[in-house]
Amino acid sequence: MTHIADIMQTAPVIPVIVVDEVEHAVPLARALVAGGLRVLEVTLRTPAALDAIRAMKSVEGAIVGAGTVTNEAELMKAIDAGSEFIVSPGLTEPLGKAAIRERIPFLPGIASAGDIMRGLDLGLTHFKFFPAVTSGGLPALKALAAPFGQCRFCPTGGITLQNAPEWLAFDPVLCVGGSWVSPRGPVDEANVEKLAREAFTLGS
Ligand code: 3PG
C-alpha cells in the first residue's frame, strides 16, 4: 500500500480542486500534471466531483484523491470512484477507522493537540493542518508540532505562492495544499500550467 507520506512528498503543493462541470476535469488535471503537480485533491463539494475523479484518472501521471470527505459513506463513494488517497477537513474516529480498514492513504485535518492525539491513537501520524492561516499560522503549527516529533503536516487554508516558502521551510511540513493553482470555472490550460510550474519550483 502506498503510504500517505509518499503522496505528500510527490510535489510541494497539492492543488485543492473544486470541479463544477465534469468537462473541466481532464483539461485541469492535464495542465496541473504538465506543470509538475501530480497529486490532485478533488473536493467532494459539487455534484460533479466523483465523475471528475473518474475522468482525471485517465490523465497519465495524475495521482487523484478525494478531499472534503467527512464520513464513512463519502469515503466509500470516493474509493468506488477510484480515489487513490483521501483528505478530510477533520478527524472523527469512525472515519479514521474506516480509512484504515480500507487501507487507503488518509490525510485528516487537525487544528489542536487533542486532534493529533486522536489520530495517534488510531496509528496516524500525517495530518493536514487546517485551516492553517486562521488557526494561528506557522507559529501555531510550530507550537503544535513540538510535542509530536513523529508527526508530519500539510498546511492548507490560506496558503499562497507568496507565503508557501516559509511553511515549506519548516521540517515537519512535507507539502502544502491550496486552491490558488486551480482556479474555478472554464480551464485556461496555459495559465493553470504556469501556476502549477511556479508552485512546483517551491520544492527546489
Ligand atoms: C481546503 O478546502 O482545504 C481549503 O478551502 C483550501 O484553502 P484555500 O482556498 O485557502 O487554498
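Biologist: Two residues are in contact if their C-beta atoms, placed from the backbone, lie within 7 Å, right? Then which residues is I4 in contact with, leaving aside its neighbours within four places in sequence?

Modeller: With those neighbours set aside, I4 is in contact with F85, P105, F106, L107 and H126. Before we go on, this is a predicted model, where local features need pLDDT of at least 70, side-chain atom pairs count only at pLDDT 80 or more, and totals for chains, interfaces and linings use all residues. Residues are numbered from 1 along each chain as its sequence is written.

Biologist: How far apart are I4 and L107, in sequence and in space?

Modeller: They are 103 residues apart in sequence, yet their C-alpha atoms are 6.9 Å apart in space. I4 is found in helix α1, residues 4-8. Helices here are DSSP runs (H or I, at least four residues), and so are strands (E, at least two), numbered from the N terminus.

Biologist: Is I4 buried or exposed?

Modeller: Buried, because I4 has 25 C-beta neighbours inside 10 Å. The cut-offs are 20 or more other C-beta atoms within 10 Å for buried, 12 or fewer for exposed, and partly exposed in between, with C-beta atoms placed from the backbone.

Biologist: Zooming out, how many helices and strands are in the chain?

Modeller: Nine helices and eight strands. Buried residues make up 45% of the 204 residues. Of the contacts with a separation of 6 or more, 60% come from residues 24 or more positions apart.

Biologist: What radius of gyration does the chain have?

Modeller: It has 16 Å, which agrees with a compact globule, because 204 residues would then give a value near 17 Å. That radius is taken over C-alpha atoms, and the globule rule is 2.2 Å times the number of residues to the power 0.38. Along the principal axes, the C-alpha atoms fill a box of roughly 45 × 35 × 30 Å.

Biologist: OK, the core. Which residues have the most contacts inside the largest nonpolar core?

Modeller: L32, V42, M56 and I86, in a core of 69 residues. By core I mean a set of buried Ala, Val, Leu, Ile, Met, Phe, Trp, Tyr and Cys residues joined through C-beta atoms within 7 Å. In soluble globular proteins, nonpolar side chains tend to be buried together.

Biologist: And what does V42 touch?

Modeller: Not counting residues up to four places away in sequence, V42 touches I17, V19, A49, A52, I53, M56, V64, A66 and G67.

Biologist: Next, α5. Which of its residues are buried?

Modeller: In α5, residues 93-101, L95, A98 and A99 are buried. Seen down the helix axis, they fall within an arc of 100°, so they line one face. That arc is the one spanned by the directions from the helix axis to the C-beta atoms. On the other side, E93, K97 and R101 are exposed.

Biologist: What covers the buried residues of α5?

Modeller: The cover includes α4 (72-80), β4 (86-88) and β5 (106-110).

Biologist: Any odd backbone there? What phi does R103 take just after α5?

Modeller: A positive one of about 55°, and R103 is a residue other than glycine. R103 sits in the loop between α5 and β5 and counts as exposed, because 10 C-beta neighbours lie inside 10 Å. T68 also has a positive phi, near 55°. That residue is in the loop between β3 (63-67) and α4, and it is partly exposed, with 19 other C-beta atoms within 10 Å.

Biologist: Which peptide bond is cis?

Modeller: The one from F130 to P131, with omega near -10°. P131 lies in the loop between β6 (126-129) and α7 (137-145).

Biologist: Last topic. Which residues are around the ligand?

Modeller: V16, T43, F130, T156, G157, G158, I159, G177, G178 and S179. A residue is near a molecule or strand if its C-beta atom, placed from the backbone, lies within 6 Å of it.

Biologist: How does that shell divide into nonpolar, polar and charged?

Modeller: Three nonpolar, seven polar and no charged. Here Ala, Val, Leu, Ile, Met, Phe, Trp, Tyr, Cys and Pro count as nonpolar, Asp, Glu, Lys and Arg as charged, and the others, Gly among them, as polar.
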